[in-house]
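Okay, thanks everyone for coming. I'll put the sequence and the model up on the screen, and then we'll walk through a few spots together.

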Amino acid sequence: LVAFFPSPCSSHGFRGCVILRSMKTVLPPSRRALLGALFLMLAAPALPVTAHDFTAGSVVVDHPYAAPTPAGARSGAVYFRMLTNEGRQPDRLLSARSPVAARIEIHESTMEGDVTRMRALPALELAPGAAVPLRHGGRHHLMLMELKQPLRDGDRFPVTLVFERGGSTEVMVDVHPVRAARTSAGGAAHH
């Protein structure tokens, strides 16, 4: 620890000294706690962020995640709690890529009778102020095609999202089992 404190060195013509000692021998416990808290507040911006939010221009990407896949699976999916366009201009998710898959498609799921159908979209529209969920069991998701290896619980992998206005941003996707959630209609949905 290097610290600058007024000290007896003042008698040598210095207004303070650089003290190279442990905080324990220089400061009483109450001051050590205060200095430690101050250090953490100042150092916090430099620490790695583990939050689940990312931005691309005015689009906020909230909580990217994927479900584990069984051994031998050739596809998987990436979900987001929400894609929110906080801007005044429309934006579009144009594409995505990741080293874990040969390609990624933007998919939309629709119900036709009792059958769920998926189709690839050329882009996902994000109107100004729109908040679009891409949740497990929901209408939209990103489909990982030709997986290079299974997605295992606890894995993390990068996905680069390309937006028309917001440009490209890399997000980190956490792999974990999805959990059931309640919909506003009272039925079960999945996270």
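So, Y79 is buried, with a relative accessible area of 10%, under the 20% cut-off. And Y79 has a partner: its ring and the ring of Y65 have their centres 5.4 Å apart, with the planes at 35°, so we call the pair tilted. Y65 counts as buried too, because its relative accessibility is 0%. If you search the whole structure for aromatic pairs, you find one. The two tyrosines come from distant parts of the chain: Y65 sits in strand β4, residues 59-66, and Y79 in strand β5, residues 75-85, 14 residues apart.

Before going further, a word of caution: this is a predicted model. The mean pLDDT of the chain is 79, and 66% of the residues reach 70 or more. Over residues 1-24 the pLDDT is below 50, and that stretch has 30 contacts in the model beyond near neighbours in sequence. The other stretch to flag is residues 181-191, again with pLDDT below 50, and there the model has 22 contacts beyond near neighbours in sequence.

Now the overall picture. The chain has two helices and 15 strands. It runs to 191 residues, and 35% of them count as buried. Taking contacts with a separation of 6 or more, 58% are between residues 24 or more positions apart. As for the outside, the accessible surface is about 11800 Å², and carbon and sulfur atoms own 58% of that.

Let's go inside. Which residues touch the most other members of the largest nonpolar core? That core has 31 residues, and the answer is V61, L142, L144, F157, V159 and L161. Strand β12, residues 156-163, gives the most to this core, with four residues. Take L161 and look at what it contacts, leaving aside neighbours within four places in sequence: the list includes V61, F80, L93 and L142, and also G167 and V171.

Staying with that part of the model, look at S98. You'll find S98 in the loop between β6, residues 91-97, and β7, residues 101-112. Is S98 buried or exposed? It counts as buried, because its relative accessibility is 10%. The side chain of S98 reaches over to the backbone oxygen of P158, at 2.6 Å. Beyond its neighbours within four places in sequence, S98 is in contact with I104, F157, P158 and V159. You've just met F157 and V159 in the core list.

Next, some backbone angles. As a rule, most residues other than glycine have a negative phi. Here's one to look at: H63 isn't a glycine, yet it has a positive phi of about 55°. H63 is in strand β4, and H63 is buried, since its relative accessible area is 8%.

E146 is another one, also not a glycine, with a positive phi near 55°. This residue belongs to strand β11, residues 140-147. E146 is partly exposed, because its relative accessible area of 39% falls between the 20% and 50% cut-offs.

And what does the side chain of E146 make a polar contact with? It's the side chain of R103, at 2.8 Å. Those two are 43 residues apart along the chain, and their C-alpha atoms are separated by 7.0 Å. R103 isn't on its own there: setting aside neighbours within four places in sequence, E146 is in contact with R74, V100, A101, A102 and R103.

Last stop, R88. R88 is in the loop between β5 and β6. R88 is exposed, with a relative accessible area of 80%, so over the 50% cut-off. Where it gets interesting for tracing the chain is P128: R88 and P128 are 40 residues apart in sequence, but 5.0 Å apart in space, C-alpha to C-alpha.

Okay, that's my tour. Let's go back to the model on the screen, and just shout if you want to look at any of these spots again.

How values were computed: Residues are numbered from 1 along each chain as its sequence is written. Side-chain values use heavy atoms; hydrogens and water are left out. pLDDT is the predictor's confidence in each residue, from 0 to 100. Contact means heavy atoms within 4.5 Å. Buried means under 20% relative accessible area, exposed over 50%, partly exposed in between (1.4 Å probe, protein chains only). A polar contact is a pair of N or O atoms within 3.5 Å; within protein, one must be able to donate a hydrogen and the other to accept it, and residues adjacent in sequence count only if both atoms are side-chain atoms. Rings of Phe, Tyr and Trp (its six-membered ring) pair if their centres lie within 6.5 Å; planes under 30 degrees apart count as stacked, over 60 as edge-to-face and the rest as tilted. Accessible areas come from the Shrake-Rupley method with a 1.4 Å probe; for residues, only the protein chains shown count as cover. A nonpolar core is a set of buried Ala, Val, Leu, Ile, Met, Phe, Trp, Tyr and Cys residues joined through side-chain atoms within 4.5 Å.
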